[in-house]
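Please walk me through this structure in the viewer, selecting one part after another and saying what is found at each stop.

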Amino acid sequence: MGIVQGDQMILNIGPQHPSTHGVLRLEVRTDGEIVSEIKPHLGYLHRCFEKHSENVTYEQVIPFTDRCDYLASMNSNFGYVVAMEELMEIKVPERVDYIRIIMGELNRIASHLLALGVYGLDIGAFTPFLYMFRDRERILDMFELTCGARLLYNYMWVGGVSHDLPKDFEKICIGFLDYFEPQIKEYNNLLTYNKIFIERTADVGVIPADVAVSYGVTGPNLRGSGVKWDVRKDEPYSIYDRFEFDIPVGEGQFGTLGDCFDRYWVRMLEISQSVKILRQALKDIPDGNVHQALPKKIRPPKGSVYRRTESPRGDLGYYIVSDGTPVPYRVKMRSPAFTALSCLDEVSRGWMISDVIAILGSLDIVLGEIDR
Amino acid sequence: MTVDFLIDWFAAMGDFPVIAFLLAVIISGIPIFLIMALNAIVAVYVERKVSAFMMDRIGPMGQGPGLHAGKWGLLQTAADAVKLLVKEDTVPETSDKFLFKMAPYIIFIGAFMGMAAVPFSSVLQVADFNVGVFYIIAVGSIGVIGIVMAGWASNNKWSLYGAMRSAAQIISYEIPAGLSIIVPIMMAGTMNLQLLIQSQSGTVWGILPNWIIFNNPFTFIAFFIFFISAVAETNRTPFDIPEAESELVAGWMTEYSGFRWALFFLSEYANMFVVSGLAVAGFLGGWQSPIPGMFDSAGWELFWFMGKLILLIFVMMWFRWTFPRLRVDQLMHVCWKVFIPIAMFNIFGVGIWKLIFG
């Protein structure tokens with residue numbers, strides 16, 4: 001951080017702070033309210049995920065992936081099992097693919113709801129947070145119905161899923177979607193189009209497209225900068241190529257392209273697109289066995305695989321090296337939140353402390369995934 | 001019940017002016033304190049329930065009288081008050097201990113003194129000044145000294161930020177608040193709160209009560225500027241940047257706990273009460289009935305005053321649970337570039353209106 005000169009002051013935001021979205025410490029050099037440099041300190045939540053993985057069998061890695069991005073555990077599982085199946089060249093039954101996509105998209109909605117609600121809280125609006133949690137609760141109820149867990153599911157296994165969908169799940173899920181879609185309008189009326197909210201987010205924390213690309217920012221943060229890149233569409237995995245959906249990108253409608261509002265708004269639009277995918281998947285889901293392709297003992301052939309998937313936070317990549325034993329030689333996770341956080345310093349220079357909180361919130365980081 | 005009445009009463013009993021004065025002040029101070037405490041307890045409970053219903057929750061349901069676990073959480077705030085009183089009251093090692101302990105009392109005194117001039121009805125007012133409006137505005141700004149003191153003495157960067165923001169905000173918003181409260185003073189020609197309210201009797205435009213807010217377009221605008229500035233002066237959302245929870249943890253209150261924190265809390269709700277009381281007295285006819293000539297006995301006067309005041313406090317709560325928070329520069333922008341010019345223009349407009357229409 002260097003020497004503090006003149007009127008400057010070093011301020012520690014975190015590790016215990018209401019708006020760091022976990023245990024993150026930001027060392028901020030400020031001049032009054034104006035921020036001139038930010039240095040994030042990571043590692044408060046480091047649990048040796050990658051090293052642990054080298055000492056357990058391939059199946060036992062899955063619960064660890066849950067705990068990385070704990071707000072979108074289904075998507076974390078999804079990335080890992082897709083990578084494993086690519087390494088082992090397994091074809092899963094069609095029903096499994098559908099179930100995975102339903103779960104993944106439901107969890108994307110849940111994760112975005114939390115991101116948007118907490119973003120409102122960062123800006124100072126309490127009520128939207130509670131409304132979004134109310135609706136997220138119903139998604140968690142559906143997960144509980146399916147696999148018994150509400151946060152850390154360990155639901156997707158290599159070659160299948162742990163449990164088949166419960167009876168009437170389709171009906172419950174359609175019922176939820178019918179209830180949920182009008183709610184999006186309510187969120188917009190309450191928070192998105194609020195004059196103060198727009199004032200606080202538009203034009204603030206602009207990430208230009210080239211900066212976003214050079215920092216490796218992905219997911220809604222990249223799309224908020226106007227770059228149309230979504231792994232589900234551009235490098236389809238599982239059966240995402242069968243579904244009809246759009247990739248919303250930021251338009252800079254209230255300010256500059258790539259500002260906090262755009263990142264927020266892209267997430268809001270993505271929720272509607274997930275609803276669209278869910279409706280299609282629930283309509284076409286075939287019958288079948290969900291355990292059919294499950295190998296008795298996972299012993300992948302020698303080799304390595306890198307597979308990226310679209311988690312709610314962006315490109316979630318797994319690099320898995322196998323030496324032919326039941327224990328992975330190396331598991332590397334490419335965390336989207338980590339790359340998103342890396343651009344915080346460049347983006348927030350010259351803004352105020354309140355804006356740093358707004359920018360950090362708009363990046364939607366999950367510290368479990370950054371520290372791993 | 002005014003102080004003057006008590007002083008006269010004691011003076012009639014014997015010639016001890018100092019003792020009579022002290023007794024009168026203490027006796028009239030007790031109800032103020034009780035009202036403050038009661039106000040905080042009721043307002044916190046109401047705020048919890050109001051916010052809960054706005055957020056689709058049920059709010060506190062535990063403590064309270066009832067057959068088993070209790071009903072409606074009626075005693076939740078009382079339980080919280082007891083908790084705050086028995087809690088350890090920490091003073092940070094590195095703080096400036098004298099100022100740190102002093103600050104809550106100064107803030108409390110500011111709120112307490114303001115309560116003395118609130119006209120509950122034509123007879124219920126502790127101190128009836130000839131400069132009541134001026135007095136409330138003046139003592140209302142004592143609190144900012146305590147806030148800066150608390151922020152500085154805590155020796156905590158968050159507290160310092162909160163204090164600086166708060167000082168800038170309260171001092172700035174006093175200007176539009178002061179400029180718009182001049183409007184009722186111009187209309188009534190007095191700063192005495194009782195005379196101000198008495199001037200608002202009768203009707204205007206035939207049907208509406210003759211409250212200053214309905215008198216002409218300028219007074220209508222002035223009310224809203226005053227009310228919004230008053231919300232800003234009490235540090236409530238959307239102007240709660242001095243204690244912005246998601247940015248500054250708790251602002252200038254970060255290092256406080258227990259009873260000292262309770263004093264801050266008490267003062268915040270008392271300040272809400274006082275500024276709403278001033279808004280009601282200055283613009284909404286005070287204790288005058290909304291239907292002129294009906295329901296205007298002494299009991300009804302208290303009812304109307306409290307009804308209007310509670311309505312304004314409810315609107316403040318409504319603001320808080322609906323709006324996001326402004327940024328510090330946007331806050332200043334609204335104050336200096338929007339409210340102050342409009343408030344200035346209002347004074348001018350009211351002057352001309354009075355000249356033409358009387």
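**Starting with chain B**

Select chain B, where buried residues make up 44% of the 358 residues. Bear in mind throughout that this is a predicted model. Colour chain B by secondary structure, and the count comes to 14 helices and two strands. The radius of gyration of chain B is 21 Å, close to the 21 Å that the globule rule gives for 358 residues, so chain B is as compact as a globular protein of that length. If you turn on the principal axes, the C-alpha atoms of chain B fill a box of roughly 60 × 55 × 50 Å along them. As for how the chain folds back on itself, residues 24 or more positions apart account for 74% of the contacts in chain B that have a separation of 6 or more.

**The two domains of chain B**

Next, give residues 1-86 of chain B one colour and residues 92-357 another, since the domain assignment of chain B makes these domain 1 and domain 2. The C-alpha centres of domain 1 and domain 2 of chain B lie 20 Å apart, and the contact between the two takes 20 residues from domain 1 of chain B and 21 residues from domain 2 of chain B.

Stay on the domain 1 side and pick out α2 (17-54) and α3 (76-86) of chain B, which are the elements that give two or more residues to the side touching domain 2 of chain B. Which of the elements gives the most to this side? It is α2(B), with 13 residues. Colouring this side of domain 1 by residue class shows 15 nonpolar, four polar and one charged.

**Crossing to chain A**

Now bring chain A into view together with chain B, and select the residues between them: 26 residues of chain A are in contact with 21 residues of chain B. On the chain A side, at least two residues each are supplied by β1 (8-13), α4 (94-123), α5 (127-147), α7 (195-201) and α14 (353-363) of chain A. By class, this side of chain A has 14 nonpolar, seven polar and five charged residues.

**Chain A as a whole**

Hide chain B and look at chain A alone, whose secondary structure comes to 15 helices and eight strands. The radius of gyration of chain A is 21 Å, close to the 21 Å that the globule rule gives for 372 residues, so chain A is as compact as a globular protein of that length. Along its principal axes, the C-alpha trace of chain A spans about 65 × 45 × 35 Å. Of the 372 residues of chain A, 50% count as buried, and among contacts between residues at least 6 apart in the sequence of chain A, 70% join residues at least 24 apart.

**Three strands of chain A**

For the last stop, select residues 303-311 and 314-322 of chain A, which are strands β6 and β7; they run antiparallel and are joined by nine bridges. A hairpin connects β6(A) to β7(A) through two residues. To check the register, show V305(A), which stands opposite I320(A) in β7(A).

Then add residues 330-334 of chain A, strand β8, which pairs with β7(A) in the antiparallel sense over five bridges. Which residue of β8(A) is the bridge partner of V321(A)? The partner is R330(A). With these strands displayed as sticks, a general point is worth keeping in mind: in a regular strand, side chains alternate between the two faces of the sheet.

Technical notes: Residues are numbered from 1 along each chain as its sequence is written. Chains are lettered from A and ligands numbered from 1 in the order in which they are written. This is a predicted model: local features need pLDDT of at least 70, side-chain atom pairs count only at pLDDT 80 or more; totals for chains, interfaces and linings use all residues. Two strands pair if DSSP finds at least two bridges between them. Helices (H or I, at least four residues) and strands (E, at least two) are DSSP runs, numbered from the N terminus. Two residues are in contact if their C-beta atoms, placed from the backbone, lie within 7 Å. Ala, Val, Leu, Ile, Met, Phe, Trp, Tyr, Cys and Pro count as nonpolar, Asp, Glu, Lys and Arg as charged, and the others, Gly among them, as polar. Domain bounds come from an automatic or database domain assignment. The radius of gyration is taken over C-alpha atoms; the globule rule is 2.2 Å times the number of residues to the power 0.38. A residue is buried if 20 or more other C-beta atoms lie within 10 Å of its own, exposed if 12 or fewer, and partly exposed in between; C-beta atoms are placed from the backbone.
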